[in-house]
Amino acid sequence: MTGERPEGLEDRRGAAPGDVTPARRSHPAAPVPPHWSTYRKKWQAPLAGRATALHAGAWWLWALGLATAASRTTNPLLLGLIVGVAGYVVAARRTDAPWARSYGAFLKLGLVVIGLRLLFSMLLGSPVPGAHTLFTLPEIPLPAWAQGIRFGGKVTAEQLVFAFYDGLKLAALLVCVGAANALANPARLLKSLPAALYEAGVAVVVAMTFAPNMVADVVRLRTARRLRGRPTGGVKAILQIGLPVLEGALERSVAIAASMDARGYGRTAKVPPAVRHTTNVLTLGGLLGMCAGTYGLLAAQGAAYGLPVLGIGAVLALAGLRLGGRRSVRTRYRPDRWGPRAWLVAGSGAAVAALLIRAGSVDPAALHPGVVPLVAPTLPLWPAAAILIGLLPAFVAPVPPKEASL
């Protein structure tokens, strides 16, 4: 064999024989700086798993912070922004678990609340005076003992706007609770409760999981009926779906009771009477102190003593819960850790609540637009920017597996 290569065949270094132009080779990619790679590995949201899962309490604190902010305003633009922030975080970080599907049900419930608030305002009237009459309903005379209440009469634009603002506030609160239900794992939340609150926590968690599981059962049954060619709407279909849903709820209740009995639920250790009495006194006194301190913070003249009383009550309550935990003989398997990401998620909700409370004292007119006279609401800039802090969990919380695979 000779050392010649067939015509048109390139050598391994990219050069072509004769007058054939060499093949173009792509330039090597620029090296990534080591500090940038380290920064991305440190702060990029990890894949959600048992070791990296966010603490369930952080989701609830974040949602309660948004709910506190929603309770401080009737501005529909700010309330809509709160609902949008909660919806974006749920869309970005919820999983395929059954409880994660309950967010849509809370949205529909919020719309129902707004509709009922408007309906009651039209039927029962409103204390808000109005000059723009839209229509007049037939008024039904009521007995003397119902003086001050009317049924029917004229309906004004001012009273409907006022009712819409009130209904939207309550709907925003429901949406925030729905976001916490969709994001927080109730079983992991139960594991994180103090031992003294374990019995009460079981009841609360079972109550919270009933609605999401019922929604999942309804969706499953409607899908099965649709595949079989049966109608999914109408009174008859609802009655036929309702019985299997109730049967499934009863089966889950029996299964939960059996699992709780197998795990020794309700069994307590022997505690001396002195410790038990001290626990009751500390817990009750601490809770009363927290209530008094909270009232002092909310009252106009109690801000001086509100914070110290609240702090003392919290310390007493924590001490009572610590002592009460001696009655519980259960152990924890792989307890959830409260890491830096949990602090960021919970802190973002707390920051939104604190800034909206501050905005209510600085510029209350911006957070509560007037309806008499009827004016269009405006969007205050820095309260709106404060609400956007609630988007932080969408970037720092662990990524669900379905999103990480995209």
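# Notebook: helices and contacts

I began with T74, which sits in the loop joining α2 (56–71) to α3. The model I am reading is a predicted one. Is T74 buried or exposed? T74 has a relative accessibility of 11% and so counts as buried, the cut-off for buried being under 20%. I then looked for a partner of the T74 side chain and found a polar contact with the side chain of H368, at 3.4 Å.

I stayed with T74 and looked up A366. A366 belongs to helix α12, residues 364–367. A366 is also listed as buried, since its relative accessibility is 13%. In sequence, A366 and T74 are 292 residues apart. In space, their C-alpha atoms are 9.3 Å apart.

**Helix α3**

Next I moved to α3. Which residue caps the N-terminal end of α3? The cap is N75, with a side-chain oxygen 3.0 Å from the backbone nitrogen of L77. I checked the length as well. Helix α3 covers residues 76–93, which is 18 residues, and at 1.5 Å a residue the expected span is 26 Å. The C-alpha atoms at its ends are 26 Å apart, so the two agree. I noted the buried residues of α3, among them P76, L78, L79, I82 and V85. A86, V89, V90, A92 and R93 are buried in α3 too.

**Helices α4 and α5**

I looked up how α4 and α5 pack. Helix α4 is residues 103–124 and helix α5 is residues 157–183; the angle between them is about 160 degrees and their axes are 8 Å apart. An angle over 145 degrees counts as roughly antiparallel, so α4 is roughly antiparallel to α5. The crossing of the two is right-handed. What kinds of residue make up the contact of α4 with α5? I have 20 nonpolar, six polar and two charged.

I then took α5 alone. Its 27 residues should span 39 Å at 1.5 Å a residue, and its end C-alpha atoms are 38 Å apart, which agrees. Of those 27 residues, 19 are buried, so α5 is largely enclosed by the rest of the structure.

One residue of α5 that I looked up is N181. N181 is buried, and its relative accessible area is 9%. Where does a polar atom of the N181 side chain lie? I found it 2.9 Å from the backbone oxygen of V177.

**Helix α9**

I took two residues from helix α9, beginning with T294; the helix is residues 273–298. T294 has 37% relative accessibility and counts as partly exposed. T294 and G311 are 17 residues apart in sequence, and their C-alpha atoms are 10.0 Å apart.

C291 is in helix α9 as well. Is C291 buried or exposed? C291 counts as exposed, at 53% relative accessibility, the cut-off for exposed being over 50%. C291 and G313 are 22 residues apart along the chain, with 8.3 Å between their C-alpha atoms.

**Helix α11**

My last entry is on α11. This helix takes in residues 340–362, and its 23 residues should span 33 Å at 1.5 Å a residue. I have its end C-alpha atoms at 32 Å apart, which agrees. Which residues of α11 are buried? I listed R341, A342, V345, A346, S348, G349, V352, A353, L356 and A359.

Note on methods:
Residues are numbered from 1 along each chain as its sequence is written. This is a predicted model: local features need pLDDT of at least 70, side-chain atom pairs count only at pLDDT 80 or more; totals for chains, interfaces and linings use all residues. Side-chain values use heavy atoms; hydrogens and water are left out. Axes are lines fitted to C-alpha atoms, for helices over the stretch in contact, and angles run from 0 to 180 degrees between N-to-C directions. Helices (H or I, at least four residues) and strands (E, at least two) are DSSP runs, numbered from the N terminus. Angles under 35 degrees count as roughly parallel, over 145 as roughly antiparallel, 65 to 115 as roughly perpendicular and the rest as oblique. A crossing is left-handed if the near helix is turned anticlockwise from the far one by less than a right angle, and right-handed if clockwise. Ala, Val, Leu, Ile, Met, Phe, Trp, Tyr, Cys and Pro count as nonpolar, Asp, Glu, Lys and Arg as charged, and the others, Gly among them, as polar. The expected span of a helix is 1.5 Å times one less than its number of residues. Buried means under 20% relative accessible area, exposed over 50%, partly exposed in between (1.4 Å probe, protein chains only). A polar contact is a pair of N or O atoms within 3.5 Å; within protein, one must be able to donate a hydrogen and the other to accept it, and residues adjacent in sequence count only if both atoms are side-chain atoms.
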